[in-house]
Amino acid sequence: MWEFIVGHLNYWLFCVLMMTGLYIVVARGNLVKKIVGLNIFQTAVFMLYISMGKIAGGTAPIFPTDMNVDPNVVYSNPLPHVLILTAIVVGIATTSLGLALVVRIREEYDTIEEEDILHIERDIVTAENQSHGGAMGGRA
Amino acid sequence: MLVATAIAIAKMDRLFAVVMLSGVFSLLAALLFVNMDAVDVAFTEAAVGAGISTVLMLGTIALTSRVEKPSTQSPLIPLAACIVTGAALIYGTLDMPNFGDPNAPVHTHVGPEYLENSQHEIGVPNVVTAILASYRGYDTLGETAVVFTAGIGVLLLISGLRRRRDPDEEEDT
Amino acid sequence: MRHHLILRVIVKLLVSTMILYALYVQFHGDYSPGGGFQAGVIMAVAFIIYGIVFGLRKVHAVLPPWLVHKLVALGVLVYGGTGVVNMLQGYEFLNYGSLTPHHPEHGQHWGILAVEAGVGITVTGVMIAIYYAFAARPPRMSDEEW
């Protein structure tokens, strides 16, 4: 039982981290903060993958330079490392795309709070309905 | 410590502090990756997470605003949703193999094959590089294309275009 | 926008070291942790830090934006081109063994080197281009407001 708890504690920690990230994304209205939350979420996923690749008593998957590989040395699984390595760089690319969107939103709406943007959108829609409504016989 | 940093980020409403803490978070994550034998990943995370993304976020808040407005909505509903989702995920981990178990399903598939074959097929000491560039070359090509596309997207969104559009708008008015 | 003297001197020292380190990471990636992605990011950071301290105009003089935009595409071309060269030599796409047919292992070395160079060029280009795009926008607040 004790062994089970220790062996799974890391997964639980990652779940907690992931949920913190999700909470920031869902509950906070500020768009920059939402992106930080997404980053936390994604880092938690990375950790989950990397922790799967770990083998107890293993070492980093880099052979000696002369390529005389000792068969007794245990190497951790390199495949998750590769996947996550590429995922991190894709992550920063998408993050920057999101930040660029935030900058554009700020220029259009002059705010980066989700609620304010919703208000402005609603006002725009109401105004449009009124202007079009007059042309269509007074019904919005 | 990671959890403490993450919760601090959730609580904080000064965006400058939030961005700095996210840099700290990335560095801590890099430490954790080194602990789990993923030196390449740790290297990338430290360079990307603490370097580039902090700079970009600082650039963004310089262009927007520094302080987060307090939310008027109750945080209870999202909190409840997160707790339920987290509980479901933790329930899902109960079937996972123990941490560091050499007989886990992850280690019985292609991973060990790559480790053995790359010694004489590729001859590159760093197995991560060997897999990244050779065995999984297609993935990396696609992923370079993703970075390329994201770069193009950012350029389309926030550079140059506005200047080119301005003369047209003047003609219209 | 005049920053501290110490900051400027240190950055001058650091930038060259960072570029050297990036090249080391790029070409030593076969033997030690590192590779195109990390090297690209470090290289980009070197230019970005120069831009932050000395202002955008000076970096533009060193590395004009049109060149950066060409770099972004060049990297993907190098990567894809390696694969096409393999195909022209009668092997599968991205099968580097074709580069030196009598000794496939060496071909793998060359192929990995070429591909990593492509990745590095693209990542450098994209990161610097994104930084240029953000920094070229007029800032909403002055330095003192921080």
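How many salt bridges does the rule find across the interface of chain C and chain A? Zero. A salt bridge here is a side-chain nitrogen of Lys or Arg within 4 Å of a carboxyl oxygen of Asp or Glu.

Okay, some ground rules. This is a predicted model, where local features need pLDDT of at least 70 and side-chain atom pairs count only at pLDDT 80 or more, while totals for chains, interfaces and linings use all residues. Residues are numbered from 1 along each chain as its sequence is written, chains are lettered from A and ligands numbered from 1 in the order they are written, and side-chain values use heavy atoms, with hydrogens and water left out.

Let's stay with chain C and chain A. Eleven residues from chain C and 13 residues from chain A make the contact, and contact means heavy atoms within 4.5 Å. About 1000 Å² is buried between these two chains, with carbon and sulfur atoms giving 74% of that. Buried area is the accessible area (1.4 Å probe) that two parts lose on being put together, summed over both. On the side of chain C that touches chain A, helix 2 (36-54) and helix 5 each supply at least two residues, and helix 5 gives the most, with four residues. By helices I mean DSSP runs of H or I with at least four residues, and strands are runs of E with at least two, numbered from the N terminus.

Now, chain A and chain B. Here 81 residues of chain A are in contact with 83 residues of chain B. The area buried between them is about 7400 Å², and carbon and sulfur atoms give 75% of it. The rule again finds zero salt bridges across this interface, but there are two residue pairs in polar contact, both at pLDDT 80 or more. A polar contact is a pair of N or O atoms within 3.5 Å; within protein, one must be able to donate a hydrogen and the other to accept it, and residues adjacent in sequence count only if both atoms are side-chain atoms. On the side of chain A that touches chain B, helix 1 (2-27), helix 2 (31-53), helix 3 (78-109) and helix 4 (114-135) each supply at least two residues. Helix 3 of chain A gives the most there, with 25 residues.

What about the chains themselves? Chain B has eight helices and zero strands, and chain C has five helices and zero strands. In chain B, buried residues make up 45% of the 173 residues; in chain C they make up 48% of 146. Buried means under 20% relative accessible area, exposed is over 50%, and partly exposed is in between (1.4 Å probe, protein chains only).

Look at helix 6 of chain B, residues 127-135: eight of its nine residues are buried, so this helix is largely enclosed by the rest of the structure. Among the buried ones are B:Val127, B:Ile131 and B:Leu132.

Last stop, the largest nonpolar core. That's a set of buried Ala, Val, Leu, Ile, Met, Phe, Trp, Tyr and Cys residues joined through side-chain atoms within 4.5 Å. Of its 100 residues, B:Phe33, B:Ile52, C:Tyr132 and C:Phe134 touch the most other members. Helix 5 (residues 104-136) of chain C gives the most to this core, with 13 residues. And C:Phe134 is a nice one to click on: its neighbours include A:Leu99 and A:Val103, plus B:Leu56, B:Leu63 and B:Ile158.

Terms used:
Lists of a residue's contacts leave out its neighbours within four places in sequence.
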